[in-house]
Number of protein chains: 4
Amino acid sequence: MKIGFIGLGIMGSRMAANLQRHGHALVVHNRTREKADALLSGGATWADSPAALATQVEIIFTMLAPTQSVVNAALSEDGFLSKLAPGRLWVDCSTVAPTFSRSMAEEAKVRGIRFLDAPVSGSRSPAALGTLVFWVGGAAADLKACRPLLECMGSQVVHCGGTGAGTSLKIVMNQLLGTGMAAFAEALVLGESLGLSREVLLEALIGGAAAAPFLKLKRERIEKGNYEPADFPLRWLQKDLHLATTSAYHTGVAMPVTNAAKEIYRLAIRAGRGDADFSALYAYLAEQRDVHDGQQHAPGGNRPTATLDRPRSS
Amino acid sequence: MKIGFIGLGIMGSRMAANLQRHGHALVVHNRTREKADALLSGGATWADSPAALATQVEIIFTMLAPTQSVVNAALSEDGFLSKLAPGRLWVDCSTVAPTFSRSMAEEAKVRGIRFLDAPVSGSRSPAALGTLVFWVGGAAADLKACRPLLECMGSQVVHCGGTGAGTSLKIVMNQLLGTGMAAFAEALVLGESLGLSREVLLEALIGGAAAAPFLKLKRERIEKGNYEPADFPLRWLQKDLHLATTSAYHTGVAMPVTNAAKEIYRLAIRAGRGDADFSALYAYLAEQRDVHDGQQHAPGGNRPTATLDRPRSS
Amino acid sequence: MKIGFIGLGIMGSRMAANLQRHGHALVVHNRTREKADALLSGGATWADSPAALATQVEIIFTMLAPTQSVVNAALSEDGFLSKLAPGRLWVDCSTVAPTFSRSMAEEAKVRGIRFLDAPVSGSRSPAALGTLVFWVGGAAADLKACRPLLECMGSQVVHCGGTGAGTSLKIVMNQLLGTGMAAFAEALVLGESLGLSREVLLEALIGGAAAAPFLKLKRERIEKGNYEPADFPLRWLQKDLHLATTSAYHTGVAMPVTNAAKEIYRLAIRAGRGDADFSALYAYLAEQRDVHDGQQHAPGGNRPTATLDRPRSS
Amino acid sequence: MKIGFIGLGIMGSRMAANLQRHGHALVVHNRTREKADALLSGGATWADSPAALATQVEIIFTMLAPTQSVVNAALSEDGFLSKLAPGRLWVDCSTVAPTFSRSMAEEAKVRGIRFLDAPVSGSRSPAALGTLVFWVGGAAADLKACRPLLECMGSQVVHCGGTGAGTSLKIVMNQLLGTGMAAFAEALVLGESLGLSREVLLEALIGGAAAAPFLKLKRERIEKGNYEPADFPLRWLQKDLHLATTSAYHTGVAMPVTNAAKEIYRLAIRAGRGDADFSALYAYLAEQRDVHDGQQHAPGGNRPTATLDRPRSS
């Protein structure tokens, strides 16, 4: 059985390599061919277009961003969807809106193609190690058919429900990631402004009950002020916060905290931090150019003033 | 050595009981005497006022809310501060603003009294089990002097820095708690509106990398819709979010996400959920009275519509 | 010259009536035919579908919500766009995203049809009186061709720029309207909670430098607590805030205040106020079900407590 | 009758000059004496301290910021309050929290002094022209006694209610000002990002129904990018937004939009715009350092992309 893989970026190249490592024959396509070199050396076949790829494979994985790239790969003149033989399976691992997954499933269905949305949790390193988590939406039978392949790339495969359930869960996950990072960045900046050392703060918070576990992975970046290369660019997470809030709009749900987070990430992007790891939100919020002498901000540590909060000594 | 304990609410009564259990002699005071009954049966001495208590003890613990109660206990006509012999130690376990701790330390100092701010993490159950975490600000020597007592009540004692460092860390902790709960509530409501079952969501999120560990303790409440009795009333957490954002104002820090969370908790209080456990924020956000027929909100599950997000099929 | 008019709701019916009043021959279509009765009595011709209408007219006005209705009217199987003769003009008065206007202009262009986006400011009453303001995007020549018709329906016609400029300005306008109403609602609720009478507040604020002029039109509603029938339903304004923030996302702009407003309108919709006039946001924010005795909220007026803000009396 | 005036900054110096111009004898005090030079040349008497001033006058006006300055002037060792003869009147024109006004009124009352809170609307120029608006809280009889003096400095004197009603209204007013400016700044930045010219935007919005009248006064600043010298420094308005949201906290009111605005002003201060006129919030939000080539932000005008919002052409 030949497997098609479209989208060989940071994630896709590592995922495809794991399929290859398990002995699967690949036909690959990417916008820029250089990204495919390692896979081609390993025996993969190059296809000049998604359409050309489609005629050679029984299953297609796509791992693309942004959404428009998925549209182009699937539905453009050179797209694969109209070239796939009926009954084939398309597994979209891209992080997209659940409504988009559902519309892709419909486009597939009218052509007799089966569809799974199967976005992943985990970034560069879990992709390389094959320890991603797959959140899958679609028919159980279709998942059963491709589960062995997913297990080459991930250590956990979760069936979340019907079409769109995978991307729904992924969106929720990244909304938690984005707001969690923002809340933690605010916590650190507040704590330091109150005179606590960063060391005391990180030691007390990370690993504690109130800080999300993923923050452990960000500790070293924060300590060293080193946000490049990005595991997960801030710009992408802002996109996912937008997907979450837009989905919420369409289902009539209120997300005031998530919207506030979304806007702060946007301000950080505008301040030039879009390509940095998303933990750079801390660096953005910690930045301070105010030099007003009348302020209580001493260099090297802000000293809060007690003026208004002093109780009366009776 | 006799120990004074003022403030015998949910937390204080359990903390004092642990001191007693370890064989310490207590003199206690509380606004309402009934709360002291168990301790008195156990051998504690009742004091009619903070002032009356002060003359009998070498160390005083206070565990009070709101801030004004601390002021009253310490500085009113009946207050303990002017009655304590010089050199005595006051340990304030209340959750208050760092600026307030610093002003209390000054009030103490001018009377020759030593002061530690030592707020705790953990609610009802860790208070009973003696597994609280103490975040301590003040002189190392003063902490050394009372550490054995703190270890009767808590399993971890962290020296965070000088005066106010304990309350600073506590405020930061509760800011994380409050925003973390709000982000999670929004995640759940979004996920359910997208058609995911609450079970799938809780299973995928809780214990995962993106959800703070304390949420495990809230799972059963959310599953059963049972927010009473409160471990930590929503109203109190909103107060702590206010302490955090006010502290941030005074040190010149921006906390847009925390401010957004603070306001949502306020709306939840106004909607009648102030006395419920703070995890009731989920119930508040999940509540829906909109019955417009043109809406996509089917009873029992919202169905998102794809209208605007449909890509073009070229 | 025959004029087509599609969409005879609150706004469209009144706009079409003004065209008729000026002697223009109309062919009309609406989802429900009853809405057309008055116009048909006045001499208008009924068309069973947008397509049927298209073959009889030289210019088409559309006044529809939501966006999908515009898509259906223009591009569905029964849509008008493929039936219009080349060179005809489509004027879309609907409030939609600028990106949507631009895509409609493209759809029109490939069929040789000219396109103007021409949304309006003003609600029920200006629509009836012919005193709307038209914000027009598109070619100057196309505007020139239909300006006399627009002047039958509005007192001001502003050419804002190329395609999408009209809807861009309209979105900006409604973003100001929505946030302005929200800011004013918060002002009123705060003022009343501080003990000011609503009369003093309305007298001082409305007509002053800090309150937008449109608030004059909302005064009576607020004084009487009467938000029905809606001039402009709260639900629609929330949609426009969504259009604004989504547009901002696509152009990379931050709108933290507008996003916060958007979410509060959403909460008001969820609380059952979606069909009320958007000034009901005040009623939503003023609502209070908290009955905690420990709170400072006396019935009939909240009394602020001075505790923390008391300065020290030295 | 001799009049005391304490606080000769941008506002106070101009207000005192108007009293002098109307023939009133002044005794003045200021932290730095130079600010008093013009008044002293005009015949005013200098007092070395608030206490020294108190013994010479029948009425005292204070116009001070921040709050602590009022505390110092009134209640410190050198303060005026304990030196004023019983029955004298203190009129505080400072912008402070209503709770603070109420506590000052109490401090005054215990010494037999009458108190009015009388903050003003209007900045530098109305102060010079004597066209301020006074918002007064306190007893009607006390207002009657000093109304002629207020009318030397302002064109409108509004009795808002009992003690604290003046500062309550002022806080509400500035909350509207701050959120209104923020909403307008977001509107402009959005409009420009959508391709509208600043000229078209300012022409359409300013003077229209949705933009607050005070924005007319900011138009030239925005057009010229000239925010110095400040009529009203951004930093001060942020303080007033803090007063509003803190007051709201104490009265149990939710102000999500105002809190969001407060945080954006804070970010603008941190970015170095605290001393600029508050209309510089626009410049802050318009600033853009993102240079990612994959973005749709062309220099000189962002071009929105339609990707996700394209409807399907069926």
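Which residue of chain A comes closest to the rotation axis that relates chain A to chain D? In this predicted model, the answer is Ala260(A), with its C-alpha at 4.0 Å.

Let's take the two chain pairs side by side.

| Pair | Rotation | Shift along the axis | RMSD |
|---|---|---|---|
| chain A and chain B | 180 degrees | 0.0 Å | 0.0 Å |
| chain A and chain D | 180 degrees | 0.0 Å | 0.0 Å |

For chain A and chain B, a turn of 180 degrees with 0.0 Å of shift is the relation of a two-fold axis. Here Ala212(A) is the residue of chain A that comes closest to the axis, with its C-alpha at 1.9 Å. Both copies use the same surface, since 100% of the contact residues of chain A turn up again in chain B.

The pairing with chain D can be read in a similar way: 100% of the interface residues of chain A are interface residues in chain D too, so the copies meet through the same surface.

Now for a helix pair inside chain A. Helix 11 of chain A (residues 234-251) and helix 12 of chain A (residues 256-273) have axes that come within 9 Å and cross at roughly 150 degrees. An angle over 145 degrees counts as roughly antiparallel, so that is how helix 11 of chain A and helix 12 of chain A run relative to each other. Their crossing is left-handed.

Who meets whom? On the helix 11 side of chain A, the contact residues include Leu234(A), Leu237(A), Leu241(A) and His242(A), while helix 12 of chain A brings in, among them, Ala261(A), Tyr265(A), Ile269(A) and Arg273(A). By class, this contact has eight nonpolar, five polar and four charged residues.

Notes. Residues are numbered from 1 along each chain as its sequence is written. Chains are lettered from A and ligands numbered from 1 in the order in which they are written. This is a predicted model: local features need pLDDT of at least 70, side-chain atom pairs count only at pLDDT 80 or more; totals for chains, interfaces and linings use all residues. Copies are superposed by least squares on the C-alpha atoms of residues with pLDDT of at least 70 in both. Two residues are in contact if their C-beta atoms, placed from the backbone, lie within 7 Å. Axes are lines fitted to C-alpha atoms, for helices over the stretch in contact, and angles run from 0 to 180 degrees between N-to-C directions. Helices (H or I, at least four residues) and strands (E, at least two) are DSSP runs, numbered from the N terminus. Angles under 35 degrees count as roughly parallel, over 145 as roughly antiparallel, 65 to 115 as roughly perpendicular and the rest as oblique. A crossing is left-handed if the near helix is turned anticlockwise from the far one by less than a right angle, and right-handed if clockwise. Ala, Val, Leu, Ile, Met, Phe, Trp, Tyr, Cys and Pro count as nonpolar, Asp, Glu, Lys and Arg as charged, and the others, Gly among them, as polar.
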